[in-house]
Structure formats: C-alpha cells, structure tokens
Amino acid sequence: MATRRSFLKLALAASLGAAAPVLGESRRLERRRIPGTDEFLSSVSLGNSNAFRSGDFDTAREILDIYLGSGGRYVDCGGDGALLVASTARSLGYVDEVFLGSYFLGAEPDASEEQARQLRATAGKTSLDLMHSYPEDGVPNWNTFRRWKDEGLTRYIGVARHNVRFYEMMMKLMRTGTVDFIQVNLSPLETDAETRILPMARDLGIAVTINRPFVNGQYFSVVKGQSLPAWATEFDCMTWAQFSIKYVLSHPAVTSVLTETANPKHVRDNLGGGVGRLPDEKTRVRMRELIQSFA
Ligand SMILES: NC(=O)c1ccc[n+]([C@@H]2O[C@H](COP(=O)([O-])OP(=O)(O)OC[C@H]3O[C@@H](n4cnc5c(N)ncnc54)[C@H](OP(=O)(O)O)[C@@H]3O)[C@@H](O)[C@H]2O)c1
C-alpha cells in the first residue's frame, strides 16, 4: 500500500505535470552536495515567502506541502516566519527532510541564543541546520556563532547578503574559515558574484545559496511581453522563471537557489527550474545578453 509520503510524491509529480509544460526526460528535482559533507540539498529552495512573514498559515502550509512533497529541502526563513515554517513542516511530517536556513542578527548573544533554542524546539530538531548572519562588523560576534556550532546548537554557519557592496566583507570572513555557507545575489541581471566571490567559495569548499534570482520580482517586468527563445528548450526550460533559475544553477559554485513566492502555481513553475538539462557556458553568455538587452 502506498505510504502518505509516496502518495504525496506521486500526487505532486502529477500536479507538476499538469501545471507545467513537459520538461525533458528527467523530472527529478536535482540535489547537490554541501561541499565537504555527505549531505545534499535540493537545487531549488524556497525563499522567505511573504506567506511566512505575514503569518498566512494556509498559504504557507500549501506551498510547503508542494515544495517538500516534491523533494525540496532548504527553506530560508527569519523572525516569527521561521517559527511558522518550522511548526508547519513538522506538522506535515517533514522534520528530517526540511533544512532550515534561519537568521540571528541581534548583537545580544543571549537573546539570539534563546531565539535559536525556541526555533530548534519548534522544529523538533536536535540541532538547527543553518544559522546565518550579516557580514558587517559586530553583527554578530562570530565567536558566539562558532561556540553554538561546537555545542551543537547549529550544524552549519552562514553569512548572507544581497548586494555587491557586501562582497569584500564576506570574502574577508570566508578566508577565516568561519562560514560553511554564503548567500549572495545572482541572476542574468545581477552577475557581479560570478567575478570573484563565487570562484572563491568554490576554491574554499564553501556552499553557496543564491538570493534575488528574480531581482525581487523586477526580472518579470523586464521579460514581460517578450517571447521565450526557441533555444531555451535545449536546456529543458519552458518559462521565464525557469530561465533565470537555470542560469543561476549552471554556475559551478552554486549549491541551491532561493526562490521566493507566496503563489502555489509559482512554486510549481520554479521547481521546474530544478529538473532536466542546464545551459553550458556559451549558452549562459547568450542568456545574459538576451535578458540585459531587454532591460
Ligand atoms: N539575507 C539577505 O540579505 C537576503 C536578501 C534578499 C533575499 N534573501 C532571500 O532570498 C530569497 C529570494 O530573493 P528575493 O527576496 O529577492 O526574491 P526573488 O525570488 O528574486 O523574487 C520574488 C518575487 O518574484 C515573484 N515570483 C516568484 N516566482 C515567480 C514565478 N514563477 N512567476 C512569476 N513571479 C514569480 C514573487 O511574487 P509571487 O509571490 O506573486 O510569486 C516575488 O514578487 C528571499 O525570500 C530571502 O529568503 C536574503
């Protein structure tokens, strides 16, 4: 007899097929290794959705069920939204599958530690998966983060920012060996990360998650009214959302791309970016030039 999980997977595959045009031969959401470990993340992640931040429980539950039920792992979340994600994923039965990327930004270690413990208890996990902060001096005290990791409060430490002006600070931190993950912005419209910080992450064996694949929605204004080129089918791309996701995922340093949406149809569309073939380097240049010509 089918288990609830296998049923959900089948239902999901069917709903993905119904909602999105046929992709290539493979419909399996790709997983990528966290460098230096035996752990894998889904190549497409869920960003900190407005449904989480605004406490829209029904929508949050629906999008988490679609995402986690189709093999997704990483969910990026902060503040009270993190508690909502943790409790919802747990109630859906995904305690082990969900990989929570959370943020602790306060300068007061005791308050942040209490927040982290509360999130861990809500998620039903022995340790949190990934705790992030920003690279600016003093926020946080990285020694505190290192202690939390040594004590098992978190398994991984990350630094996250969304603009080129933070890259130097992030690279300085990367050289100290403190962080296991970085999170930076990348899309065909914002490509600065490709020059130095992504190659450095690759050389140092640091996992990379990507934010702003749709430039917080501006990307869709840029491509609005434009036809997807016929050559996009060569890398199993059927929509403009998948075009940017596949651009990001075809960079060799990238572990996973965070896609933010509060719309279940968009979750299905974005998951399609994590299956099938990816563009080669020559095609990436073509993709970048095309999108930048619209801007
Ligand atoms: N740590 C940091 O400094 C930092 C900064 C920025 C972002 N982030 C993380 O990165 C995540 C993503 O970055 P972002 O916030 O810039 O958002 P994004 O993913 O670049 O864009 C989100 C926007 O795109 C729309 N969208 C998503 N999928 C779509 C689709 N298939 N078709 C049409 N529209 C679609 C969403 O609207 P709908 O809701 O209507 O789908 C929303 O308006 C965030 O959620 C957060 O987790 C972190």
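This dialogue treats helix 5 and the shell around the ligand in a predicted model.

Reader: How should the length of helix 5 be checked, and what span should its 15 residues have?

Author: One multiplies the rise of 1.5 Å a residue along the helix, which for residues 109-123 gives an expected span of 21 Å. The end C-alpha atoms of helix 5 lie 21 Å apart, so the model agrees with the expectation.

Reader: Which residues of helix 5 are buried?

Author: The general idea comes first. An α-helix makes a turn every 3.6 residues, so residues three or four places apart point the same way. In helix 5, Ser112, Leu119, Arg120 and Ala123 are buried. Their arc around the axis is only 100 degrees, which means that they sit on the same side of helix 5. On the other side, Asp110, Ala111, Glu114 and Ala121 are exposed.

Reader: What covers the buried residues of helix 5?

Author: The cover includes helix 4 (79-91), strand 5 (99-103) and strand 6 (128-133). Just after helix 5, glycine 124 adopts a positive phi of about 75 degrees.

Reader: Turning to the ligand, how many residues surround it, and which are the closest?

Author: The ligand is surrounded by 25 residues, the closest being Gly47, Asn211, Gly217, Glu260 and Thr261. Two elements, strand 10 (256-259) and helix 11 (264-271), give two or more residues to this shell. Helix 11 gives the most, with three residues.

Reader: How do the residues of the shell divide into nonpolar, polar and charged?

Author: Eight residues of the shell around the ligand are nonpolar, 12 are polar and five are charged.

Technical notes:
Residues numbered from 1 in each chain as written. Predicted model: local features only at pLDDT ≥ 70, side-chain atom pairs only at ≥ 80, totals over all residues. Near = placed C-beta within 6 Å. Helix = DSSP H or I, 4+ residues; strand = E, 2+ residues; numbered from the N terminus. Nonpolar A, V, L, I, M, F, W, Y, C, P; charged D, E, K, R; others polar. Expected span 1.5 Å × (residues − 1). Buried ≥ 20, exposed ≤ 12 C-beta atoms within 10 Å, placed from the backbone. Arc of directions from axis to C-beta. Contact = placed C-beta atoms within 7 Å.
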